[in-house]
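Q: Could you walk me through how to read a few features of a protein model, one at a time?
A: Happily. Let's look together.

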Amino acid sequence: MMPATTRRSILRLINLSAQHSPCPCHRCSSPHGAAALNQLRRLATPVHAVQKEYAFEVAASNLRFGEGVTREVGMDLKNMKARKVGVFTDPIVAKLRPMAVTLESLQSQEDLPFEVYDQVITEPTEESWRKAIDWARQHDFSHFLAVGGGSVIDTAKAANLFTVYKDNDLMDFVNAPVGKGLPISQSLRPLIAVPTTAGTGSETTGAAIFDVTSRAFKTGIANRALKPVLGVVDTANTETCPTEVHISAGLDVLFHSMESYTAIPYTERTPRPTNPILRPAYQGSNPVADIFSMWALRSTVKYLPRIAKDSTDHEARSQMLLAASFAGIGFGNAGVHLCHGMSYPISGLNKRGPKYKHPGYQVEHPIIPHGVSVALTGPAVFQFTAPSSPDRHREALAIFNNTTVTDPSITSIPDSEIGSYLYESIARFLDGLGVPRGLKAVGYTKDDIPGLVEGTLPQRRVLDLAPNIGNVAGEDAREHLTRIMEASLEFKPCIDLHDGKVKQIVGGTLSDDDPEALKTNFVASQSAGEFARLYKEYDLQGGHVIKLGPRNEGAAREALEGWPDALQIGGGITATNAQEWLDAGASKVIVTSYLFPGAKFSRERLDAVSKAIGRDRLVVDVSCRRRGEKWFVAMNKWQDVTDMEVSKESLDMLSEYCSEFLIHAADVEGLCQGIDEELVRKLGEWVTIPTTYAGGATHVSDLALVDSLSGGKVDLTYGSPCSRKRDCSQPARSPAYHSTFKMPGKVKAYELQSKSKNDLTKQLSELKNELLTLRVQKITGGAPSKLTKITVVRKSIARVLTVMNHKSRQNLREYYKNKKYLPLDLRPKKTRAIRRRLTKHEASLEDGKTAQEGHPLPSA
């Protein structure tokens, strides 16, 4: 099968043939490009260069902003000479103050008939749109009014469109290739939008989004004709929003502004429309959209955290409403790209897959709110797009870091590393809002990634605007999207402590003799305990707390109290205090320097600490520094090189006393210059117990590289303190995340109690498949770190079966309650005490079953 051809290659070939390229054989010297070529070809089909766009349009609704302006909508509709108004809302908003004020305003006007449709659902589907359209067609409204969030406004847009186009089907105007993507040539009815959330900006745009449940992803209709004639932005209308809804809506504003600002320039979009009516609403970044998008980004970064802390903050709520409208004007004319494109299948597949239901949303169906689904891939997306326009991504980084682009901390960053820094800044911002960490946090697994990618590929309307994606097709785009999705799966947390604070530092710069040499990339404002509780909330297993120097005792204990028996601890561990730290809540202790008094290895100390706590609770940190062609163990915060060479012999000896190795490549730790490939290859040859390597990882592809180099015997961590993908000297995402690939977490019985029978059956099937995979690895000689997971999975299967059996018995008891006869397994059992109270006569009696067992059938 031939490899997929990129769109860029096709355009290059076409344009090359259209350029001046004199033929040396025929001595053609005509400089007239395509015309000369076509003249030479004479009877052949002329070749024309694919022309790029040369213009952009600005279209947005009129906006009215202020507290209490909802009271004016009745007068607005009367001024428009409305004959009959169709009012759209949802069941929740229908009971709240914004709708009450709207109805009061409509009723205050004489001769202004209206009908209310209050059955709009959150995250609308194809079915819900068709119901709303059928209702609107029956009434022949002259004007429309939408009071609610983006779902309500988008549904009203669709009802308006198909009230005019009575004979068309819904899919006729849906964006190609999902639908036919027909242009809208007729004028639609006037629509007034009254938003009750600060997020979608739908009151300013011509876009309407819905969920195509049959294909498990979202799509929509994008055309300037859909935009409302007026957006009534009332600051009083978000007072009743739950905090979670505020945050999700605000995330939509955040990524609307960032995606529109980093989309390909409008002059790079192809092909140039042959008719102005064919010019898309999403045109690419342009000077006007840039202004609105950047203002919205600054406001969101400033005010959304304030709302997360206090949803009654009037100033923050008002500014977020304005930011939502500004971002709407920005992306409504420039467009969005990868975050939104990938969010559509993330939300769509949830209904048939993980069935995640986000807190704070009063709905009965599974829901990953739109803003959350967009944020899940956000950090990885902008690391991917940064090389296309480093300056624009640098501006965004400055905003997240609360500084200016001229600040030395921003100007000193090379263009090649902007994406990595921005990744961490976005991730840190999302952490502060309590956003679920990656796809696993909402129930997705690695096995779901192909389906998510397939659901993203049809979103050409937004993918065509994505740097490094819009100009590729087929397998090329699939590979990029797969990598971005994979970058969001699992995390193994680490909390690095220095002077009592959570920090991210470059490993080789720690020095007691020269404190000024220390390079600190980031100091977290949150405490170690806050991070531990956050890890507990998202069940991020296998992390550790590292004390780098003195004055870290209190912070370390706070972290262990935040999640007892789940975090390992290292730094200053000795045979005398190891048990103390285990009693304080550590799952294991990590030792290095204690084993090397005076930089000389002491087997006696290793034996002492192993006997004190047991081999299963001990991890040896083998921090390596290279000397010539060999590696030696480094201690004392990697400052002193010991006499122990890292080799098969030394690792075999150490493995007799511990259950796990943590290998730090100190020479590349924090430098983001790639892993130490030779060391990883050697570790694959040497280790016989679970081993984790850390140092220099820069990309998710390093997972496969380490797995290949080590023969599957070494796990890779990304951290200190990076999330998901890297081990780089960047501003930290919270503290540190050491990301391991595909680790089955513990199943807790109390969490299983709330699950349905179908969910339990599905989870049981997944665990059995995982166990089967691990058994295959055991037979074929897989990594020890993977083989130790067999026990965890088997216990998880037992817990699921126990809960399923318990629920089954409960259901039987309810069914047979107050009935005359009970099944045998529900009848009271005669215990030994009851049998002892039987008389001799009662004890001698036989029931039918016992009598039959004592008198077998005669042989034939």
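**Reading strands, cavities and a loop**

Q: Which residues of strand 12 are buried on its two faces?
A: Keep in mind that this is a predicted model. Strand 12 spans residues 544-547 and is covered on both faces. H544 and I546 are buried on one side, and V545 and K547 are buried on the other.

Q: How many bridges join strand 12 to strand 13?
A: There are 3, and the two strands run parallel, with strand 13 covering residues 567-570. To follow one pairing, start at H544: its bridge partner in strand 13 is Q568.

Q: What unit do strand 12, helix 20 and strand 13 make?
A: They form a β-α-β unit that is right-handed, with helix 20 at residues 553-562.

Q: How many cavities of 30 Å³ or more does a search of the whole structure find?
A: The search finds 7. The largest has a volume of about 60 Å³.

Q: Which residues line the largest cavity?
A: Its lining consists of A59, T204, T205, G206, R224, K227, A281, G328, G332 and N333. Sorted by class, that lining has 6 polar, 2 nonpolar and 2 charged residues.

Q: Is T592 buried or exposed?
A: Here a cut-off helps: buried means under 20% relative accessible area. T592 has 13%, so T592 counts as buried.

Q: Where is T592, and what is T592 in contact with?
A: T592 sits in the loop between strand 14 (586-591) and helix 22 (603-613). Setting aside neighbours within four places in sequence, T592 contacts D621, V633 and A634.

Note on methods
Residues are numbered from 1 along each chain as its sequence is written. This is a predicted model: local features need pLDDT of at least 70, side-chain atom pairs count only at pLDDT 80 or more; totals for chains, interfaces and linings use all residues. Side-chain values use heavy atoms; hydrogens and water are left out. Buried means under 20% relative accessible area, exposed over 50%, partly exposed in between (1.4 Å probe, protein chains only). Helices (H or I, at least four residues) and strands (E, at least two) are DSSP runs, numbered from the N terminus. Two strands pair if DSSP finds at least two bridges between them. A crossover is right-handed if, with the strands pointing away from the viewer, the path from the first strand over the helix to the second runs clockwise. On a 1 Å grid over the protein atoms alone, a cavity is a set of points where a 1.4 Å probe fits but cannot get out, and a pocket is an open set with protein on both sides within 12 Å along at least five of seven lines; lining residues have an atom within 4 Å of a point. Grid points are joined across faces, edges and corners, and a volume is the space filled by probe spheres set on the points. Ala, Val, Leu, Ile, Met, Phe, Trp, Tyr, Cys and Pro count as nonpolar, Asp, Glu, Lys and Arg as charged, and the others, Gly among them, as polar. Contact means heavy atoms within 4.5 Å.
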